[in-house]
Amino acid sequence: MVSKHVLTRGLFGSPSNPEPPPTNVYVEACPSRAILELIADKWTLLILPALRDGRMRNSDLMRLIGGVSQKMLTQTLRELERNGIVNRIDHHEVPPRVEYELSPLGRSLSDLVRSLGSWAEEHLEQVIAARDAFEARERQKP
């Protein structure tokens with residue numbers, strides 16, 4: 001998960017020049033690298049499109065996203081909230097009722113992420129064929 005301190009200006013700028021230099025994801029110290037790490041996380045890639053159709057409770061996300069643990073779902077939602085991608089709505093009810101929704105920033109990102117998921121589904125057979133061909137070549141090597 002992305003470190004809380006990676007996205008702070010203190011690690012990127014200098015005390016004499018608090019303004020960060022232009023962003024460049026290929027520069028190791030650039031905070032955009034940490035954002036890319038958050039976006040590329042497998043749970044983020046599944047949570048964002050799940051929230052595309054509207055608010056969901058934690059338990060709904062757990063049922064929808066196979067294999068995610070409660071701990072990882074909570075950590076990922078918290079990090080997405082922290083970075084302005086997801087909004088947490090606490091209804092202050094008993095029993096507690098909390099929902100999550102995409103922020104405008106998260107909505108813009110979810111369109112891109114949904115495209116990645118569609119690509120994976122559409123090209124699955126080609127990827128499997130490529131794996132099989134690779135493994136066949138590897139078995140033929142002396």
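This dialogue walks through several features of a predicted model.

Trainee: Where should one begin with a helix, and how does the span of H5 agree with its 19 residues?

Mentor: One begins by comparing the expected length with the distance between the ends. Helix H5 covers residues 104-122. At 1.5 Å a residue, its 19 residues should span 27 Å, and the end C-alpha atoms lie 28 Å apart, which agrees.

Trainee: At which residue does H5 bend, and by how many degrees?

Mentor: The bend is at Ser110 and amounts to about 25 degrees. Ser110 is also one of the buried residues of H5.

Trainee: Which residues of H5 are buried, and against what do they pack?

Mentor: The general idea comes first. An α-helix has 3.6 residues a turn, so residues three or four places apart point the same way. In H5, the buried residues are Gly106, Leu109, Ser110 and Val113. They pack against helix H1 (31-40), H2 and strand E3 (98-102).

Trainee: Which helices supply the lining of the largest pocket?

Mentor: Helix H2 (42-50) and helix H5 each supply at least two residues of that lining. The largest share, six residues, comes from H5. Among the lining residues are Lys42, Leu45, Val113, Arg114 and Glu121. Val113 thus appears in two lists: it lines the largest pocket, and it is a buried residue of H5.

Trainee: How much space does the largest pocket hold, and what is the character of its lining?

Mentor: The space in the largest pocket is about 210 Å³. Its lining divides into five nonpolar, two polar and three charged residues.

Trainee: What should a reader look for in the loop between E2 and E3?

Mentor: In a loop, one may examine the backbone angles residue by residue. The loop between strand E2 (86-90) and E3 contains Pro95, and His92 is placed there as well. A cis peptide bond joins Val94 and Pro95, with omega about -5 degrees. His92 has a positive phi of about 50 degrees, although it is not a glycine.

Trainee: Is His92 buried or exposed?

Mentor: A residue counts as exposed when its relative accessible area is over 50%. His92 is exposed because its value is 69%.

Trainee: Where is Asp53 found, and how far apart in space are Asp53 and Leu102?

Mentor: Asp53 is found in the loop between H2 and strand E1 (56-57). With a relative accessible area of 78%, Asp53 is exposed. Sequence separation and spatial separation are to be read side by side: Asp53 and Leu102 are 49 residues apart in sequence, and their C-alpha atoms are 9.3 Å apart in space.

Conventions: Residues numbered from 1 in each chain as written. Predicted model: local features only at pLDDT ≥ 70, side-chain atom pairs only at ≥ 80, totals over all residues. Heavy atoms only, no water. 1 Å grid on protein atoms, 1.4 Å probe; cavity = no way out; pocket = protein on both sides within 12 Å on 5 of 7 lines; lining within 4 Å. Points joined across faces, edges and corners; volume = space filled by probe spheres on them. Helix = DSSP H or I, 4+ residues; strand = E, 2+ residues; numbered from the N terminus. Nonpolar A, V, L, I, M, F, W, Y, C, P; charged D, E, K, R; others polar. Expected span 1.5 Å × (residues − 1). Bend = angle between axes of the 7 residues up to and from the residue. Buried < 20%, exposed > 50% of the residue type's maximum accessible area, 1.4 Å probe, protein only. Contact = heavy atoms within 4.5 Å.
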